[in-house]
Amino acid sequence: MDFLRKWLVGRDLKRARALEGEGYLERALSVYESCLEMANPAERVVALRGIGSCGLRLGKLARAREALAECVKLAPGDPDALLLLAQVQMELRDTLGAEE
């Protein structure tokens, strides 16, 4: 059963990255969010980072900050998640949070 879960989540993450790359951010965001239910911790980090990236580009800053904060808790050394979180916090005018 784990093989099927892994295959489904992997397929959806690839699909979401492709949609994001093509500029279909709303669709990519919904696919990333659907991955969260079945994702293991490593896959969850990827999905949360994608949600944060799409949310930032779409102007859904509260959702982006929520996803990226969880992502940073799961993977504190992820430089992409840290950078995206700082960008979101700067957009929200949270300069103290962005400096962290």
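Here are some worked exercises on the structure above, which is a predicted model.

**Exercise 1. Find out which residues have the most contacts inside the largest nonpolar core, and which helices supply that core.**

Step 1: Start with the membership. The largest nonpolar core has 29 residues.

Step 2: Pick out the residues with the most contacts inside this core. They are Leu13, Tyr32, Leu48, Ile51, Cys54 and Val88.

Step 3: Now go to the elements. Those giving two or more residues to the core are helix 1, helix 2 (25-35), helix 3 (41-58), helix 4 (61-74) and helix 5 (79-91).

Step 4: Zoom in on Cys54. Leaving out residues up to four places away in sequence, Cys54 touches Glu20, Leu25, Ala28, Leu29 and Tyr32. Tyr32 is also on the list from Step 2.

**Exercise 2. Work out how many disulfides there are, and why Cys54 and Cys71 form no such bond.**

Step 1: Set the cut-off. A disulfide needs a pair of cysteine sulfur atoms within 2.5 Å.

Step 2: Check Cys54. Its closest cysteine sulfur belongs to Cys35 and sits 11 Å away, so that is too far for a bond.

Step 3: Check Cys71. Here the closest cysteine sulfur is in Cys54, and at 13 Å that is again too far for a bond.

Step 4: Read off the total. The count comes to zero disulfides.

Step 5: While you're here, look at accessibility. Cys54 counts as buried because its relative accessibility is 0%. Cys71 has 0% relative accessibility too, so it also counts as buried.

**Exercise 3. Take the salt bridges of Glu20, Lys60 and Glu33, and say which parts of the chain each one joins.**

Step 1: Get the overall count. The structure holds nine salt bridges.

Step 2: Begin with Glu20. Its side chain meets that of Arg57 in a salt bridge, at 3.5 Å from N to O. Glu20 is in helix 1 and Arg57 in helix 3, so this pair links distant parts of the chain, 37 residues apart. As for accessibility, Glu20 counts as buried because its value is 12%, under the 20% cut-off.

Step 3: Move on to Lys60. Its salt bridge partner is Glu26, with the closest N and O atoms 3.2 Å apart. Lys60 lies in the loop between helix 3 and helix 4, while Glu26 lies in helix 2, so the pair ties together parts that are 34 residues apart in sequence. Lys60 has a relative accessible area of 33%, which means partly exposed. Glu26, at 44% relative accessibility, is partly exposed too.

Step 4: Finish with Glu33. It forms a salt bridge with Arg63, and the closest N and O atoms are 2.9 Å apart. With Glu33 in helix 2 and Arg63 in helix 4, the pair ties together parts that are 30 residues apart in sequence. Glu33 is partly exposed at 30%, and Arg63 is partly exposed at 24%.

Step 5: Don't stop at pairs. Asp2, Arg5 and Glu43 are linked in a network of salt bridges.

**Exercise 4. Describe the surroundings of Glu26 and compile the C-alpha separations for Glu26, Arg27 and Arg65.**

Step 1: List the contacts. Not counting residues up to four places away in sequence, Glu26 touches Leu58 and Lys60. Lys60 is its salt bridge partner from the previous exercise.

Step 2: Take the Glu26 distance. Glu26 and Ala16 are 10 residues apart in sequence, and their C-alpha atoms are 10.0 Å apart.

Step 3: Do Arg27, which lies in helix 2. Its C-alpha is separated by 9.8 Å from that of Arg15, 12 residues apart along the chain. Arg27 is partly exposed, at 47%.

Step 4: Do Arg65, which lies in helix 4. The C-alpha atoms of Arg65 and Val45 are 14 Å from each other, with their positions 20 residues apart along the chain. Arg65 is partly exposed, at 34%.

**Exercise 5. Identify the nonpolar patch that includes Leu4, and classify Leu4 as buried, partly exposed or exposed.**

Step 1: Name the members. Phe3, Leu4 and Trp7 form a nonpolar patch on the surface.

Step 2: Add the area. Together they have about 380 Å² of accessible area.

Step 3: Place Leu4. It is found in helix 1 (residues 2-22).

Step 4: Classify Leu4. Its relative accessibility is 41%, so Leu4 counts as partly exposed.

Methods
Residues numbered from 1 in each chain as written. Predicted model: local features only at pLDDT ≥ 70, side-chain atom pairs only at ≥ 80, totals over all residues. Heavy atoms only, no water. Patch = residues over 30% accessible without salt bridge, like charges linked within 9 Å, V, L, I, M, F, W, Y side chains within 5 Å. Areas by Shrake-Rupley, 256 points an atom, 1.4 Å probe, with all protein chains shown as cover. Salt bridge = Lys/Arg side-chain N within 4 Å of Asp/Glu carboxyl O. Helix = DSSP H or I, 4+ residues; strand = E, 2+ residues; numbered from the N terminus. Buried < 20%, exposed > 50% of the residue type's maximum accessible area, 1.4 Å probe, protein only. Core = buried A, V, L, I, M, F, W, Y, C linked by side-chain atoms within 4.5 Å. Contact = heavy atoms within 4.5 Å.
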